[in-house]
Amino acid sequence: MSDLLKFDLLSASIALKNKEFSSLELTNAYFEAIEQTSALGAYLEIVKDHSINMAKASDKNFKNGTARPLEGLPIGVKDMFCTKDIKTTASSKILENFCPTYESTVTQNLWDDGAVMLGKLSCDEFAMGSSNETAAKGNVVNPWLKNSKMSPGGSSGGSASAVAARSALAATGTDTGGSIRQPAAFCGITGLKPTYGRCSRWGIVAFSSSLDQAGPLTRTVSDAALMLNSMAGHDKKDSTSANLEMPDLMNYLDRGIRGKKIGIPKEYTQDGISDDIVSFYEKSINWLKDSGAEIVPVSLPHTKYALPVYYIIAPAEASSNLARYDGVRYGKRNEAASLDEMYEITRGNGFGEEVKRRIMIGTYVLSSGYYDAYYLKAQKVRRLIKEDFENVFEEVDYILTPSTPTTSFELGKKQDPLTMYLNDIFTVPASLAGLPGISLPVGLDKSGLPIGIQLIANSFDEPGLISTARVLERSAEFNFIADGAAK
Amino acid sequence: MSNKESIVDIPTVNKIARLSRLNIPEASKQNLTNDLNNILGFVAQLDEVNTSDVKPLASVTGHKLPLRSDKVTDGNIEDLVLKNAPESSSGFFVVPKVIE
C-alpha cells in the first residue's frame with residue numbers, strides 16, 4: 001500500500017485516469033495511513049463509509065469516461081468548513097455536537113469536481129492560534145521530529161500535519177493572519193492563501209470576516225494550483241466574493257520568471273529571525289536571480305504596525321461574529337435561571353481561554369469611548385499597510401519573504417499570548433492587504449525542521465504566484481519526508 | 001489609546017465580560033487582566049503613526065456590495081433550522097423564562 005502514498009495530487013490524478021489503480025484502492029490506502037498516524041491527532045472525524053461511497057462513484061466515472069478534475073482524490077477538510085450532516089465543531093466545545101444542514105460553497109465545489117472526503121481535521125479553536133494548542137480536544141502533533149512533539153503550527157495545524165504525514169493527499173485550510181502559510185511552513189508543505197474574495201466564505205465558520213480566506217494545503221505547488229482551481233469561484237451567497245474568472249492555474253506551471261522583478265522588503269529581516277531561515281532566504285533570492293528574475297530592494301515602511309492592527313481588527317470582528325453562539329439556536333447550552341445567566345455560563349464554559357481573550361479584546365476596542373482610539377485607528381493604519389503594498393507593486397511583480405521568523409517549536413513551550421502572536425509577523429501584512437501569498441518548503445534547519453519561504457503577489461495574480469513558486473520549488477528540490485509520515 | 005493609563009483593571013474586566021456575555025471565574029480574572037494589559041500595551045504602538053489624513057479601511061475588495069431583488073429564495077425548512085437547537089417546541093426555539 002505504501003506505493004500509493006507516494007503519489008501527490010497531480011500524479012495520482014494522472015494515474016487514476018490511466019487506471020493504474022482505483023480511487024477505492026487509493027482511498028483505502030489513506031485510511032490505513034490515517035490509522036498508522038493516529039497518534040498525531042490530526043483528524044477529529046473520519047467518515048469512512050461516506051468516503052468509500054464517494055470513491056466508488058468516482059471509479060464509475062472513470063469507467064464511463066466522465067471523470068472530473070479532482071475525480072477520486074481523497075482529501076481532508078479543516079473543521080472550519082460546514083459539511084452537511086457531518087459534525088463541524090471549529091475545534092470548539094461550544095459546537096461539539098453541531099451538525100450542519102448545509103455544505104460550504106468551497107467544499108461543495110470540491111465534491112462537484114470529484115474529490116473524495118476523508119474526514120474533518122483539527123485546528124485551533126475557531127482558527128484562533130498559531131500552534132494548534134487551543135483546540136478543545138487537544139493539540140495536533142507535527143510529523144517532523146516525531147519524538148520531540150513539535151507544534152504543527154496553526155490554525156490549520158491538523159490540515160498541515162495530515163498532508164505532511166501522508167494521511168491526506170491534500171487538505172483545505174483557512175487563513176486569517178497566516179493560518180495556512182505558517183502551518184505549511186512548520187510542516188514542510190505548500191500552503192496558498194488566495195486573494196481575499198477568490199474563495200467564497202459561505203459556510204465557513206466566521207472568525208474575522210474582512211480577513212478570512214480559504215485555500216489549499218498540498219505537497220507541491222502544482223497540487224495547490226490544481227486544488228485552488230476547484231475551490232475558487234464567484235458565489236452570490238458571499239457578498240465579498242469577487243465576480244472575476246480565475247484563469248486555469250494549470251496553464252501557469254511552467255511559464256518561468258524571466259524578466260520578472262522580485263521585491264525584497266528590508267523590513268522583513270529583523271532581529272529574532274533564525275540564522276538558518278536567513279540563510280535559506282538568501283539562497284531563495286539567488287535561486288530566483290539565477291532563473292532570470294531581477295532582484296529589487298523595496299520598503300514596506302508600515303510593516304511593524306501590521307501585528308498591532310491585526311490584534312485590534314481580528315478580535316473586534318471575532319467578538320461580533322462569535323456573538324451568535326448563545327446556546328439558543330445551536331451549540332451546547334448550560335442551563336441557568338435567567339436568559340442572561342444562561343448566555344454567560346454557556347459562553348464561559350463553551351469557549352476556551354484564547355477565544356475568550358480575543359472576544360474580550362474585541363469587545364473592549366469596540367466599546368464606547370475606545371472605538372475611535374483603537375478600532376478606527378487600526379482601520380486607518382490598515383489602509384497605510386495596503387498602500388505600502390500598492391506602491392511596491394508599481395515597481396515589482398512579486399515579493400519574497402520568509403514565512404515565519406522561526407521553525408516549529410515544542411508543544412507546550414510558548415505560554416505567553418503575545419509571544420505566540422509574533423509567529424504571524426511575516427504573514428499578517430499580506431492578509432491585511434487582502435493579497436495572495438504562498439509558503440513553500442525550501443530546506444531544513446540544523447535540527448532537521450522544515451523552513452518555509454513566502455511569495456506575495458498583487459491582488460488576483462494567483463497565476464503569476466504559481467509560476468514564480470514553481471521556479472523556487474524546482475530550485476529548492478525539497479524532497480524530504482517527515483519521519484512521522486505514514487510508511 | 002494615547003492615554004496609556006486607560007489600561008484595564010478588574011472592574012473593567014467585569015464590565016467587558018458582562019458586555020461580552022462571558023462568565024469569567026474569579027480565579028482567572030487577574031491573569032486575564034494581565035493578558036489584556038499586555039496586548040493593549042502592544043497595540044498602543046499605533047499611536048506613533050500619523051493618520052490625520054487617512055480614511056479608515058474596512059474592506060479590501062474594492063467592489064461595491066452587490067444588491068439583489070428582495071425576494072424569498074428558500075423557506076419551508078423549519079425542521080432544518082431547529083435541528084441543532086438545544087431546546088425547541090412547536091416550531092420555536094425555547095429559552096429560559098424572561099420576566100422584566
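Trainee: What makes α9 of chain A, residues 275–290, come out close to its expected span?

Mentor: This is a predicted model, mind you. Helix α9(A) has 16 residues, and the rule is 1.5 Å times one less than the number of residues. That gives the expected 22 Å, and α9(A) reaches 23 Å from its first C-alpha to its last, so the two values are close.

Trainee: Why do we say that the buried residues of α9(A) line one face of the helix?

Mentor: The buried ones are A:I277, A:F280, A:Y281, A:S284, A:W287 and A:L288. Look down the axis and they fall within an arc of 120 degrees, so they line one face. On the other side, A:D275, A:E282, A:N286 and A:D290 are exposed.

Trainee: And what covers the buried residues of α9(A)?

Mentor: The cover includes the strands β7, β8, β9, β10 and β11, plus helix α16, each from chain A.

Trainee: What happens just after α9(A)?

Mentor: A:G292 takes a positive phi there, about 105 degrees.

Trainee: Now chain B. How do you know that chain B doesn't match a compact globule?

Mentor: Set the radius of gyration against the rule: a compact globule of 100 residues would come in near 13 Å, but chain B has 22 Å. The C-alpha trace of chain B spans about 55 × 45 × 25 Å along its principal axes.

Trainee: How many of chain B's residues count as buried?

Mentor: Just 16% of the 100, where buried takes 20 or more other C-beta atoms within 10 Å. As for its elements, chain B has three helices and two strands, running α-α-α-β-β from the N terminus on.

Notes: Residues numbered from 1 in each chain as written. Chains lettered and ligands numbered in written order. Predicted model: local features only at pLDDT ≥ 70, side-chain atom pairs only at ≥ 80, totals over all residues. Helix = DSSP H or I, 4+ residues; strand = E, 2+ residues; numbered from the N terminus. Buried ≥ 20, exposed ≤ 12 C-beta atoms within 10 Å, placed from the backbone. Arc of directions from axis to C-beta. Contact = placed C-beta atoms within 7 Å. Rg over C-alpha atoms; globule rule 2.2 N^0.38 Å.
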